[in-house]
Amino acid sequence: MITSDEQIVARTRTEIKDLLTCFATAQRLSDADELSGLLTDDFKLVGPLGFVVPKQEWLKQFRTGTLQIQSLEWDEIDIRTHAYAYSAIAIGRLTQAASYARKPADGQFRVTALAIGQGRTWHLAGAHYSPIAAP
């Protein structure tokens, strides 16, 4: 028998996958306004080389065209959440074809995304990108 908590966790996992899909789509479309709505005000992104980019600076890259993403796909997503907590951690693989300042920025990254539930809406509070390398 499925408990109420298990149903909430299953629904939350679906909602987080939907959030990550919207996040990828908005990046691919360079839709800074949509991206802004998906992020908390204090969102920070840790890039694959360890740099930290606050929300407004990161959005500026899309508004100016400095960062252009041709394709962005999530897979291997593992989501951890609890029915009583309005937070979730998703770890997945992100494959992108992109350019930064007209230079190739393609790659595969292991991404840890932190999501915060605000009412019935989820927002990303942070993301940490790491290059995928052999052990």
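Okay, let's start with E15: at 22% relative accessibility it counts as partly exposed, because the buried class stops under 20%. This is a predicted model, by the way. E15 has a salt-bridge partner, R11, with N and O 3.6 Å apart. R11 comes out at 39% relative accessibility, so that one is partly exposed too. Both residues sit in helix α1, four residues apart, which is about one turn of the helix.

So how many salt bridges does a search of the whole structure find? Six. Let me pick out a couple of others.

K55 pairs with D41, and the closest N and O atoms there are 3.7 Å apart. K55 belongs to helix α3 and D41 to strand β1, residues 39-46, so this pair ties together parts 14 residues apart in sequence. Now look at the two ends: K55 is buried, with a relative accessible area of 5%, whereas D41 is exposed at 73%.

Then there's R110 with E76, at 3.1 Å, N to O. R110 is in strand β6 and E76 in strand β3, so here the parts being tied together are 34 residues apart in sequence. Both ends are partly exposed: R110 at 29% relative accessibility, E76 at 47%. And that pair has company, since D75, E76, R93 and R110 are linked in a network of salt bridges.

Okay, on to the strands. β3, residues 67-81, and β4, residues 87-100, run antiparallel and are joined by 12 bridges; S71, for instance, stands opposite A97 in β4. On to β6, residues 107-118: β4 is joined to that strand by 10 bridges, again antiparallel, and T95 stands opposite Q108 there. There's also little β5, residues 103-104, which pairs with β4 in the antiparallel sense over two bridges. P104 in β5 is the bridge partner of S99. If you like checking backbone angles, try A101: in the β4 and β5 hairpin, with two residues between the strands, A101 takes a positive phi near 55 degrees.

Last bit: aromatics. The structure holds four aromatic pairs. Take F23 and W58: the ring centres are 5.7 Å apart and the planes are at 25 degrees, so the pair is stacked. F23 comes from helix α1, residues 4-28, and W58 from helix α3, residues 55-64, so we have a link between distant parts of the chain, 35 residues apart. Both F23 and W58 are buried. Together with F43 and F62, they form one aromatic cluster.

Conventions: Residues numbered from 1 in each chain as written. Predicted model: local features only at pLDDT ≥ 70, side-chain atom pairs only at ≥ 80, totals over all residues. Heavy atoms only, no water. Phe/Tyr/Trp six-rings, centres within 6.5 Å; stacked < 30°, edge-to-face > 60°. Buried < 20%, exposed > 50% of the residue type's maximum accessible area, 1.4 Å probe, protein only. Pairing = 2+ DSSP bridges. Salt bridge = Lys/Arg side-chain N within 4 Å of Asp/Glu carboxyl O.
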